[in-house]
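Reader: I have just opened this structure and would like some help reading it. Could you walk me through the ligand site?

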Amino acid sequence: MAADQIILYGYRLSSCTWRVRAALNFKRIPFEERKVDIVKAQEQLTEKYRAINPAQKVPALVIDGATLVESMAIIDYLEDTRPGPKLTPESPLAKARMREICEIIVSGIQPLQNFGLKLQFNTEEQYLKFSRHHCERGLQTLEELLKKSSGSYCVGDQLTVADLCLVPQLFNITTRLGMTIGKYPTLSALFAKLLAEPVFKETHPKSKQ
Ligand SMILES: N[C@@H](CCC(=O)N[C@@H](CS)C(=O)NCC(=O)O)C(=O)O
């Protein structure tokens, strides 16, 4: 492996992996994506993968001689070390708005619908009921926040980390969890618009690798 090679360990349909894939794409950083099958083969639970990410989750990024885990820490590192378009607004208020949206998704939605939780429920139905309940609460909150903060992106007219969190999460909610978002007009209009952006088209889980 070349010293400057960047490797993303991830799974195409993982929303946390998509956040990082989109950040790398947006900043035009070349990388190789290595699949960790978290669904069928459950490769995240192997000892081999635990050596890469002790949390046994995706993503993990090998970069600059280090292995980083946690999607938000990885994106921060890319923002701090790589030139190119910024993913964080300059103004402290806009930055706080961005973080509000990120937190709702990263702490308030994603962990409560994570595929890995399924094993903790007796039936698929119980898992779906629990996950959909927490997703719905998150969607309600996001709609209210976005009414105030959004322009052509989540926060004003700049693509930020909030958009990188929003699109993958809404994709999961509307596909894997089978929920609809039509009753949230700001959220659904923004989602449709963002999906058409090159950064999301090129990194979409269904796009050609
Ligand atoms: N906070 C972590 C969450 C990572 C996470 O939950 N990843 C999911 C996929 S999006 C996963 O690996 N799930 C498999 C499992 O929990 O076994 C991050 O942002 O990187």
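**Around the ligand**

Author: Of the 14 residues around the ligand, Gln44, Val58, Glu70, Ser71 and Asn114 come nearest; a residue is near a molecule if one of its heavy atoms lies within 4 Å of it. This is a predicted model, where local features need pLDDT of at least 70, side-chain atom pairs count only at pLDDT 80 or more, and totals for chains, interfaces and linings use all residues. Residues are numbered from 1 along each chain as its sequence is written, and side-chain values use heavy atoms, with hydrogens and water left out.

Reader: Which side chains have an N or O atom paired with an oxygen atom of the ligand?

Author: A polar contact is a pair of N or O atoms within 3.5 Å. Here, ligand oxygen atoms are 2.8 Å from such an atom in the side chain of Gln44 and 3.3 Å from one in Arg19. A polar side-chain atom of Ser71 lies 2.6 Å from a ligand oxygen.

Reader: Why does the ligand lie between domain 1 and domain 2?

Author: Domain bounds come from an automatic or database domain assignment. Domain 1 (7-81) and domain 2 (92-203) both give residues to the shell around the ligand, so the ligand lies between them.

**An unusual bond**

Reader: What kind of peptide bond joins Val58 and Pro59?

Author: Most peptide bonds are trans. The one between Val58 and Pro59 is cis, with omega about 10 degrees.

Reader: And what is the phi of Arg28?

Author: Most residues other than glycine have a negative phi. For Arg28, phi is positive, near 55 degrees.

Technical notes
Polar contact = N/O pair within 3.5 Å; in protein donor to acceptor, adjacent residues only side chain to side chain.
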